[in-house]
Amino acid sequence: MPRRLLELPLLRRLKPGLYVHDEEALNAEPALDLLAEPITPIDAFFIRNNGDLPETGPTEAWRLTIDGEVERPLVWSIAELRQRFETVTVTAVLECAGNGRSQFSPATDGLPWRLGAVGCARWTGVRLKDVLEASGVKAGAVYTAHYAPDRNLSDPSRPALSRGLPIAKALAPETLIAFAMNGEPLPPLHGGPLRIVAPGFPGSAWQKWLDRISLRDVEHDGEKMRGTDYRMPLVPVKPGEAIDPARFTIITDMPVKSLITAPAQGFSVAVRSSLVVEGFAWSGAIPLAGLRASCDGGASWLEAELGDSEGPFAWRRFRLGFAIERAGPLSVVTQARDVEGNVQPFETPWNPRGYCNNQVQRVSGTAR
């Protein structure tokens, strides 16, 4: 029996509200109304896999190896990581680089995510910086390489994913080796017992089932680190145009974005009442500046007051009401912006892998 058929009942039991994509690897996302909480519940958090779900065994037997461009290669148990290093919690948005890929036209390569491949969680672990410095980072180290036991489904001799981080991000205080999520031990479906947490970077950089980190003196070239994988074109690319991977750059920052969790598509609201629009806005490394909303497709706007944030990498709630004065069609749009002036576009430029779609979301309904 294919492994995916064995995994589906587990997913259905743990995450009953998720839509499962018709892919060989197990990938699923929630309906947007399940993302209404400031901290996304684990049972509503999306699942992204490039290969199989590895057998992780007992947590106490898990080992993490640090090697490569270090003075002292070391091997750590999870208990030793907890004992040796300070435990910290970072609240951060995790978003797949391909979230919203289904909205590109013409269609692109890759999993056709809707808008649910995102969530905000409290991640607990130890700083990657502390663990690397315990091994002595050599001056020539410029990139980390991350390894895990998940395998390519069509060729089990190959890893499913082996990505890494620029050394500056690896040594940044927000970057973690996490062993807990929302106060619970990190579930295997989310990379437990250990995963990378790299706030602001796309989800592919948050390596799951982490069992080895090797420091390199060149950019890592592991599985899904080559060609156009998780890279954006330096100049616009047209559909059908020949692709030159040398003209692509790796994604190291997710763009400013917002998500409408209510009302739902196809809503109806009474005339002479109020239409409440709510959701979240976030950004990658560049701080969020604000958000405006419209119920007439962008003809007129209201500025939203953003809620408090749990930290620079968490999303922020917005909630505002529109007075509905007349009957007819309504088109709700929200548009977030960051402090450097980047604004959600009404249409994201096409790219061949369908990455970083941060175009404004539209929710249509009717006033009656």
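**Close-up views of strands in a predicted model**

**View 1. Strands β14 and β16 run side by side in the antiparallel sense, joined by 5 bridges.** In this predicted model, strand β16 is made up of residues 274–282. One contact to look for in this pair is that of Leu259, whose bridge partner in β16 is Phe280.

**View 2. Strands β14, β16 and β19 form an open sheet of 3 strands.** The strands follow the order β14-β16-β19, and their pairing is antiparallel. Which are the edge strands? They are β14, covering 257–262, and β19, covering 316–323, and each of them pairs on one side only. Neighbouring strands of this sheet are turned against each other by 30° on average, when direction is ignored.

**View 3. Residues 250–363 carry a domain annotation in UniProt.** According to that record, which is an unreviewed entry, the span is annotated as "domain: Moybdenum cofactor oxidoreductase dimerisation". In the model, the end C-alpha atoms of residues 250–363 lie 32 Å apart, and the span is 43% strand and 0% helix.

**View 4. Strand β5, residues 87–95, is largely enclosed by the rest of the structure.** Why can β5 be described as largely enclosed? The description rests on burial, because 7 of the 9 residues of this strand are buried, where buried means that a residue has under 20% relative accessible area.

**View 5. Strand β5 pairs with strand β6, residues 118–127, over 9 bridges.** The two strands pair in the antiparallel sense, and one of the residues to find here is Val93, whose bridge partner in β6 is Cys120.

Definitions and conventions
Residues numbered from 1 in each chain as written. Predicted model: local features only at pLDDT ≥ 70, side-chain atom pairs only at ≥ 80, totals over all residues. Heavy atoms only, no water. Buried < 20%, exposed > 50% of the residue type's maximum accessible area, 1.4 Å probe, protein only. Helix = DSSP H or I, 4+ residues; strand = E, 2+ residues; numbered from the N terminus. Pairing = 2+ DSSP bridges. UniProt positions renumbered as here; feature names shortened; annotations may be inferred. Axes fitted to C-alpha atoms, helices over the stretch in contact; angles between N-to-C directions.
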